[in-house]
Amino acid sequence: MTIYGNENNETIMMELGQRIRDTRIRMQITQAGMAEQSGVAIRTIVRMEKGESVYLDSMLNVLRVLGVLENLNLLLQEQELAPTEMVDIGKKRKRVTGVRKSPDHKMWTWGDEE
C-alpha cells in the first residue's frame, strides 16, 4: 500500500509494521534475533509489526538494524539557510511569531484623497 498522507494514524502504523516485518523476513532475521540486535524487547518487536504504538527510540533501533535509518532524511530534510536569510539574520530561525498589529492601526493614505 502506498501512503499518501490522508490515511489515519492506525492505518499508517499498520502499514509501517508490515513493511518492517517484510524487511526483517527478507533479511532472514527472526523476531528474537531482531530483539537481540536492536536491544528492544521481543514483545515490542511483535507490537511494532502489528502496527501498535511503540516508543520512537525503539523504532529507530529497529530501523538501524534493518539498514534503513538513513531513509529518514527523505522524510524531513535538513533546512538550510537561503543566501538572503544569511544576510538578513545570519542564523536559522528557531521559532515563528504571529503577525503583530499596532493597537491604533490606521490605513495609510497619500493625503490628497479629500
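R24 is buried, with a relative accessible area of 7%. In this predicted model, the side chain of R24 meets that of E49 in a salt bridge, with 2.6 Å from N to O. The two partners come from distant parts of the chain: R24 belongs to helix α1, E49 to helix α3 (residues 42-49), and 25 residues separate them. E49 counts as buried too, because its relative accessibility is 8% and the limit for a buried residue is under 20%.

**Salt bridges**

The count of salt bridges comes to three. The table gives the pairs and their distances.

| Pair | Distance, N to O |
|---|---|
| R24 and E49 | 2.6 Å |
| E15 and R19 | 2.9 Å |
| R47 and E52 | 3.2 Å |

The pair E15 and R19 sits within one helix, α1, where the two residues are four positions apart, about one turn of the helix. E15 is buried at a relative accessible area of 14%, whereas R19 is partly exposed at 37%. In the third pair, R47 is partly exposed, with a relative accessibility of 27%, and E52 is also partly exposed, with a relative accessible area of 32%.

**A buried charge without a partner**

E7 lies in the segment before α1 (9-26). What is the nearest side chain of opposite charge to E7, and how far away is it? It is R19, at 8.3 Å, and E7 has no salt bridge although it is buried. A salt bridge needs a nitrogen and a carboxyl oxygen within 4 Å, so a separation of 8.3 Å does not qualify. R19 does form a salt bridge, with E15.

The side chain of E7 has a polar atom 2.8 Å from the backbone nitrogen of G5. Leaving aside residues up to four places away in sequence, E7 touches M1, T2 and I12.

**The largest pocket**

The volume of the largest pocket is about 710 Å³. Its lining is made up of 26 residues, and those nearest the centre are L16, M59, L63, L72 and L75. Three elements each give two or more residues to this lining: α1, α4 (56-66) and α5 (72-75). Which element gives the largest share of the lining? That element is α1, with eight residues. Helix α1 therefore appears in several parts of this report: it contributes to the pocket lining, it holds both E15 and R19, and it carries R24, which is buried at 7%.

**Two exposed residues**

N9 also lies in helix α1. Is N9 buried or exposed? N9 is exposed, because its relative accessible area is 59% and the limit for an exposed residue is over 50%. N9 and S53 are 44 residues apart in sequence, while their C-alpha atoms are 10.0 Å apart in space.

Q28 is found in the loop between α1 and α2 (31-38). The phi angle of Q28 is near 55°, a positive value in a residue that is not glycine. Q28 has a relative accessible area of 74% and is therefore exposed.

How values were computed:
Residues numbered from 1 in each chain as written. Predicted model: local features only at pLDDT ≥ 70, side-chain atom pairs only at ≥ 80, totals over all residues. Heavy atoms only, no water. Buried < 20%, exposed > 50% of the residue type's maximum accessible area, 1.4 Å probe, protein only. Lys, Arg positive; Asp, Glu negative; His and termini not counted. Polar contact = N/O pair within 3.5 Å; in protein donor to acceptor, adjacent residues only side chain to side chain. Contact = heavy atoms within 4.5 Å. 1 Å grid on protein atoms, 1.4 Å probe; cavity = no way out; pocket = protein on both sides within 12 Å on 5 of 7 lines; lining within 4 Å. Points joined across faces, edges and corners; volume = space filled by probe spheres on them.
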